[in-house]
Amino acid sequence: MRFIKKLLKITATLFAVLIVLLLLCGIYIWKVSDIKPPKIAEAFTSLPEARVLDSNTYILDSNWIRKNEFGLYEMYTSGNAWQRGIHNGVLSRRQIVEQEEAFVGQIKKMIPAPGYLKFLKYIVGFMNRDLHNYVIPEFQEEIYGISLSASDSFRWIGSNYSRLLNYHAAHDIGHALQNMMLVGCTSFGAWDTKTENGAMILGRNFDFWVGDDFARNKIVSFVSPAKGHRFAFVTWGGFIGVVSGMNEKGLTVTINAAKSDIPWGAATPVSLVAREVLQYAENIEEAIAIAHKRKMFVSESFLIGSTVDHRSVVIEKTPDTLAVYDPNTDNIACTNHYQSNYLRQQALNKEQMEHSASVYRYERLQELLQQNYPLTVPKVAAILRDYKGKGGADIGLGNEKAVNQFIAHHSIIFMPDSLQMWVSTSPWQMGTFVCYDLRKVFAIDHFSKETVVADNRLNIAADSFIYGARYKQYQNFRNTRMAWLDHHAPGIDINQWIPNNKNYYDAYQLTGDYWMAEKEYKKAEDNYRKALSLEIPTVGERTAIEGKRAKAIEQQKKEKQ
């Protein structure tokens, strides 16, 4: 009896110690997960007020923002890092708040349990506790200036500064979980014999999807920094990182995700490496030098176009290694796998090539390029909008193997020799491509209601596809699919799936899932079998459907017993 009492006493003591340790650990994680903002040398009392020209146009000193007729926000900011941040935040306050609402809303859909969401917040915060050590002071100050205009209603996630800094790693975490596949971009370039007049042309689709609302408010940002080169990039509220941009020296940067391990510690977000390249590099050599000195979260490809060098290369970077892919010809293409001799043989890259849609999409891109040489801007837009499979096959709308997956946040075309760029408008890359001439934009010295930012004479018209019956069918398919995936809502009309996207494997997989939920196992099996006969993007997805079909067959056998 004494032994049992002693054992219980020891157990209770150990349990109490464990509780104390867990509590201390929780306090530690809570404290380190909320990153403190940088100290600012400039005096600051309160945020300035922007002057309202009309409901879509605001001015702050020489800085401005306007929503144009095509739905794009055009914004100009200038000054040192702190000033740029303040100007950016005050001018785009509404976009910052709406962007965070969209982002957090989508995360809640993906992780609906409040307890797990809070737990995940601290884990991500703990992983990124040293993030500020990997972000240069200039960018910390700029993000801090913007954060003063962020909404206080999200403080349950963290302080305004801590949240905005961590959001800059969202792209990295998204494609590390890609493995959860939120990212699957396509980019390419051509020059000399492969373009109509020998000038360099580059195009890219930024296929980063975090819900439709996240892509609603796109900002074409023009920046005149106190240090470095002036540049333009496509972004969203509160985000200073670059995913697609061009500077005044005719250097372009676009990023494409590569296969990565899940990051377990802080490093420089990919978009901030690209931002540093855009602001401070004039040529390929300088871009490589900047990329080389920054440690990154994940693996990424940077397609760099350079007017100075009159060529393009892909900087392939992992958390540990950097390689450069130079095709030594007058064209280049990039999807989501490495091509350099050094990194092509990397184990993760081989897995990516064998199991993902990257190689198929690359091969389709090569077909389109060969069919369209010599390239022009309209031809590049047509390639970026192409939704078919290899050989022009109908593989269903929305297929990850297509260049156009109908998920693009934006699509962009650069002509760096003339400092022109074309930015897509909704829906996805199918709306009007709006033209901007950086020389003209940066020459604007007085902004008024009459100021025209875009060079609309050179716009590329919306694709006629969005006015046809096939697009309406796809909308019906997609809307019903999203309702099912979000809520498994009762009363779903499953006739909106297969008839409206009959060559898309997922239409049959969804129908199979529906009949499985209804315990109609023969109908479920038939639809899974049909799905397996179509073009499925990844090995993982095929394996999952095979597993579902096997389960449907097993359930039929049980019913017969």
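In the predicted model, the largest nonpolar core comprises 65 residues, and those with the most contacts inside it are Leu131, Leu165, Phe214, Val253, Val277, Phe302 and Ile304. Helix α8 supplies the largest share of this core, with 6 residues. Apart from this core lies another, of 31 residues, among them Tyr76, Leu202, Met421 and Phe442. In soluble globular proteins, nonpolar side chains tend to be buried together. Phe214, listed among the residues with the most contacts inside the largest core, is in contact with Gln99, Ala102, Phe103, Phe208, Trp236 and His409 once its neighbours within four places in sequence are set aside.

An open sheet is built from 11 strands with mixed pairing, and their order across the sheet is β1-β2-β3-β4-β7-β8-β9-β10-β11-β12-β13. Its edges are formed by β1 (51-54) and β13 (322-325), each of which pairs on one side only. From one strand to the next, the twist averages 20°. At the β13 edge, strand β12 (residues 311-317) pairs with β13 in the antiparallel sense over 4 bridges, and within this pairing Glu316 stands opposite Ala323 in β13.

Two helices lie across strands of this sheet. Helix α8 (residues 270-280) lies across β7 (219-225), β8 (231-235), β9 (244-247), β10 (251-257) and β11 (300-306), and it runs at about 170° to β10. Because an angle over 145 degrees counts as roughly antiparallel, the direction of α8 is roughly antiparallel to that of β10. Helix α9 (residues 284-293), in turn, lies across β10, β11, β12 and β13, running at about 10° to β12. As angles under 35 degrees count as roughly parallel, α9 is therefore roughly parallel to β12.

Another open sheet consists of 6 strands in the order β14-β5-β6-β15-β16-β17, and here the pairing is antiparallel. The edge strands are β14 (331-334) and β17 (434-437), each pairing on one side only, and the twist averages 10° from one strand to the next. Strand β6 (residues 201-206) has partners on both sides in this order, β5 and β15. With β5 it pairs in the antiparallel sense over 5 bridges, and Ala190 stands opposite Ile201 in β6. With strand β15 (residues 410-415), β6 is likewise joined antiparallel by 5 bridges, and the bridge partner of Gly203 is Ile413 in β15.

Strand β6 is mostly covered, with 6 of its 6 residues buried. In a regular strand the side chains alternate between the two faces of the sheet. In β6, Ile201, Gly203 and Asn205 point one way, whereas Leu202, Arg204 and Phe206 point the other way, and all are buried. Leu202 is also one of the residues of the 31-residue core. Helix α12 (residues 377-384) lies across β5 (186-190), β6, β15 and β16 (420-423), running at about 155° to β15.

A further helical pairing involves α16 and α17. Two packed helices are described by the angle between their axes and the distance between the axes. Helix α16 (residues 521-532) packs against helix α17 (residues 539-560) at an angle of about 155°, and their axes are 9 Å apart. The two helices are therefore roughly antiparallel to each other, and α16 passes α17 in a left-handed crossing. On the α16 side the contacting residues are Tyr521, Lys522, Ala524, Glu525, Tyr528, Arg529, Ala531 and Leu532, which meet residues of α17 including Arg542, Ile545, Glu546, Arg549, Ala552, Ile553 and Gln556.

Two individual residues illustrate contrasting surroundings. Arg84 lies in helix α2 (residues 81-91) and is buried, with a relative accessible area of 1%. Leaving aside neighbours within four places in sequence, Arg84 is in contact with Thr77, Ser78, Gly79, Glu138, Glu142, Val223, Pro225, Ala226, Arg275 and Gln279. Among these contacts, Val223 and Pro225 fall within β7 (219-225), and Arg275 and Gln279 fall within α8 (residues 270-280). Ser464, by contrast, is placed in the loop between α13 (438-442) and α14 (469-487) and is exposed, with a relative accessible area of 57%. Ser464 and Met430 are 34 residues apart in sequence, and their C-alpha atoms are 8.4 Å apart in space.

Methods:
Residues are numbered from 1 along each chain as its sequence is written. This is a predicted model: local features need pLDDT of at least 70, side-chain atom pairs count only at pLDDT 80 or more; totals for chains, interfaces and linings use all residues. Side-chain values use heavy atoms; hydrogens and water are left out. Two strands pair if DSSP finds at least two bridges between them. Axes are lines fitted to C-alpha atoms, for helices over the stretch in contact, and angles run from 0 to 180 degrees between N-to-C directions. Contact means heavy atoms within 4.5 Å. A nonpolar core is a set of buried Ala, Val, Leu, Ile, Met, Phe, Trp, Tyr and Cys residues joined through side-chain atoms within 4.5 Å. Buried means under 20% relative accessible area, exposed over 50%, partly exposed in between (1.4 Å probe, protein chains only). Angles under 35 degrees count as roughly parallel, over 145 as roughly antiparallel, 65 to 115 as roughly perpendicular and the rest as oblique. A crossing is left-handed if the near helix is turned anticlockwise from the far one by less than a right angle, and right-handed if clockwise.
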